[in-house]
Amino acid sequence: MLPSVARLRKVASGSFAAAISLSLVVCTPAAPLSSASATPSAAVASANASSSPTPSPTEVLDPEGRTVVWATYRSDALGITFEYPRSSTTRPALPQCAPRELDRSIFLDRLGIDGDAEKSLSPGIPATADAVADKYVQRVNLDTRDPTTVGGRPGVIVSYHSGGLNRFGLAVFVANGGHVYQFAWDAGVFECTPAPGFTGPGVYGHLIGSVRFLN
């Protein structure tokens, strides 16, 4: 059974810092990913608390991102669509949440989307999600690795750390149309904060959960 997708947002909100299971379900676009990773979950909550704008006393926390207005981004170069925060009832201007595209890569805050991740493989190795994940985890300290689905395609999700408490991240791999797509982010200052208490990792989870392939 695939890991439940609905937990990245729990970790991202900070109010579920004790959640230790990695989960990702990317089949339902309206249901964001909600669990970033197992071991790094407490660190994610800590990073969010320290790097996100501090809500004013008059702001109502929205760790589920219910006030966010999602728009659909289409990339013909990568052959995908996904949802991203266009605005919210509390923070209408969200420049750090806008996708930026370059060749076959897209960046949104700390999330990077690589549409040619198979280029990391040695010649002769089949371009599969597992093969690219194998290569990726060689340079990090793996915490968890599980199967998942992205846009209806089988994939792999890994959580990892690469140093101290605040050096952790999450990566998702999925193959489609002869290419392997990599969605990856690591800890740092999450500038995309579309709602009070709803920051980068929750946004990335929703984005990956809404991915659809154009072919």
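A salt bridge is taken here as a side-chain nitrogen of Lys or Arg within 4 Å of a carboxyl oxygen of Asp or Glu. The model on display is predicted, and by this rule the count comes to seven salt bridges.

**First stop: Arg 145 and its partners**

Select Arg 145 together with Asp 130. Their side chains meet in a salt bridge, with N and O 3.0 Å apart. The two residues belong to distant parts of the chain: Arg 145 sits in strand 6 (residues 141-150) and Asp 130 in helix 3 (residues 129-136), a separation of 15 residues. Colouring by accessibility would show Arg 145 as partly exposed, at a relative accessible area of 30%, and Asp 130 as partly exposed as well, at 43%.

Keep Arg 145 selected and add Asp 134. A salt bridge joins these side chains too, at 2.7 Å from N to O. Because Arg 145 lies in strand 6 and Asp 134 in helix 3, this pair ties together parts that are 11 residues apart in sequence. Asp 134 is partly exposed, with a relative accessibility of 39%.

**Second stop: a shared network**

Now select Arg 110, Arg 167 and Asp 186. Salt bridges with shared partners join these residues into one network.

**Third stop: Lys 119 and Asp 114**

Next, display Lys 119 and Asp 114, which form a salt bridge whose closest N and O atoms are 2.6 Å apart. Is each partner buried or exposed? Lys 119 is exposed, because its relative accessible area is 58% and the cut-off for exposed is over 50%. Asp 114 is buried, because its value of 16% falls under the 20% limit.

**Fourth stop: the largest nonpolar core**

Turn to the interior and select Ile 80, Phe 82, Ile 113, Phe 183, Leu 207 and Val 211. These residues have the most contacts inside the largest nonpolar core, which has 33 residues. Elements that give two or more residues to this core include strand 1 (68-75), strand 2 (80-88), strand 8 (168-176), strand 9 (179-186) and helix 4 (200-209). Strand 4 (105-108) and strand 5 (111-114) also contribute two or more residues to the core.

Centre the view on Phe 183. Leaving aside residues up to four places away in sequence, Phe 183 touches Leu 111, Gly 112, Ile 113, Val 150, Leu 170, Ala 171, Val 172, Val 174, Ile 208 and Val 211.

**Last stop: another core**

Apart from the largest core lies another, of 16 residues. To find this core, select Ala 131, Ala 133, Val 156 and Phe 173, which are among its members.

Terms used:
Residues are numbered from 1 along each chain as its sequence is written. This is a predicted model: local features need pLDDT of at least 70, side-chain atom pairs count only at pLDDT 80 or more; totals for chains, interfaces and linings use all residues. Side-chain values use heavy atoms; hydrogens and water are left out. A nonpolar core is a set of buried Ala, Val, Leu, Ile, Met, Phe, Trp, Tyr and Cys residues joined through side-chain atoms within 4.5 Å. Buried means under 20% relative accessible area, exposed over 50%, partly exposed in between (1.4 Å probe, protein chains only). Helices (H or I, at least four residues) and strands (E, at least two) are DSSP runs, numbered from the N terminus. Contact means heavy atoms within 4.5 Å.
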